[in-house]
Amino acid sequence: MYESHTEETEPLWRFLKSADEECFGCGPGNNHGLQMRFESNGSMLRSRLTMDKRFRGWSNLIHGGILSTMLDETMGWTVIILTRRFMLTKTMTVSFHRPVRIGAKLTVTGYIREQPTERRALVRAEIHDEHGELCAAADGEFALFSKKQFLRMKIMSEEDIEAMESAAISGSDRIETTELN
């Protein structure tokens with residue numbers, strides 16, 4: 001269950017730089033996307049966002065596919081940042097717990113449940129509303145790859161892999177430090 005912490009007990013969160021301007025999930029340059037911005041405390045990732053009407057499904061509700069995308073994006077970046085490996089989503093199971101309405105202020109968190117091998121990670125992501133209520137959750141299995149393996153698979157250009165590595169995997173010199181508000 002989601003617990004809120006006081007500033008005294010909660011570790012420092014650091015904002016992570018974006019790696020792909022046009023990504024639907026995290027691209028700051030994609031005006032049609034979610035523009036998720038992630039921060040990490042070293043053991044978890046999170047993103048805070050307010051849902052606007054462009055993401056609606058029925059009536060005043062946010063589309064379940066959008067919520068699923070938020071969960072997958074969070075789990076993916078959780079794996080990249082916390083394992084320092086490239087990844088691909090292998091499986092993902094989503095459960096919806098309560099409706100999310102237009103205008104909702106959400107916090108999406110992700111953490112690694114288990115890493116049974118160097119090539120596999122089991123991850124959890126949750127979406128909570130501004131009251132700490134669980135709205136949706138996902139459990140995923142991720143295949144992990146080295147940079148060399150990812151290059152061989154030709155999923156992304158070498159330039160894109162370098163950008164991702166620079167933004168997410170290499171040193172803390174590319175991470176801004178912030179305090180919680």
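**View 1. Strands β4 and β7 sit side by side, running antiparallel.** In this predicted model, strand β4 (residues 86-96) pairs with β7 over 10 bridges. To find your way along the pairing, look for L88: its bridge partner in β7 is A143. Strand β7 itself covers residues 134-145 and is mostly covered, with 10 of its 12 residues buried.

**View 2. β6 and β7 make a hairpin.** Here strand β6 (residues 120-129) joins β7 through 9 bridges, and the two run antiparallel. One pair to pick out is R124 with its bridge partner D139 in β7. There are 4 residues between the two strands, and G132 in the turn has a positive phi of about 85 degrees.

**View 3. R113, R124, E126 and D139 join up in a network of salt bridges.** Zoom in on D139 and R113, whose closest N and O atoms are 3.3 Å apart. D139 belongs to strand β7 and R113 to strand β5, so this pair ties together parts that are 26 residues apart in sequence. Are these two buried or exposed? Neither, quite: D139 is partly exposed at 26% relative accessibility, and R113 is partly exposed too, at 44%.

**View 4. A salt bridge links two loops through E133 and R98.** The side chains of E133 and R98 meet at 3.2 Å, N to O. E133 lies in the loop between β6 and β7, while R98 lies in the loop between β4 and β5 (105-117), so the pair ties together parts that are 35 residues apart in sequence. E133 is partly exposed, with a relative accessible area of 33%, and R98 is partly exposed as well, with 36%.

**View 5. R46 and E39 form a salt bridge, and both are buried.** Their side chains meet at 2.8 Å, N to O. This pair is one of 10 salt bridges that the structure holds.

**View 6. Helix α1 is largely enclosed by the rest of the structure.** Residues 64-83 make up this helix, and at 1.5 Å a residue its 20 residues should span 28 Å; the end C-alpha atoms are 28 Å apart, so the two agree. Of those 20 residues, 15 are buried. Just after the helix comes R84, whose phi is positive, near 60 degrees.

**View 7. E73 is a buried residue without a salt bridge.** You'll find E73 in helix α1. Which side chain of opposite charge is nearest to E73? That is R37, and it is 13 Å away. Leaving out residues up to four places away in sequence, E73 touches C23, G25, C26, M36 and F38.

Note on methods
Residues numbered from 1 in each chain as written. Predicted model: local features only at pLDDT ≥ 70, side-chain atom pairs only at ≥ 80, totals over all residues. Heavy atoms only, no water. Expected span 1.5 Å × (residues − 1). Buried < 20%, exposed > 50% of the residue type's maximum accessible area, 1.4 Å probe, protein only. Pairing = 2+ DSSP bridges. Lys, Arg positive; Asp, Glu negative; His and termini not counted. Salt bridge = Lys/Arg side-chain N within 4 Å of Asp/Glu carboxyl O. Contact = heavy atoms within 4.5 Å.
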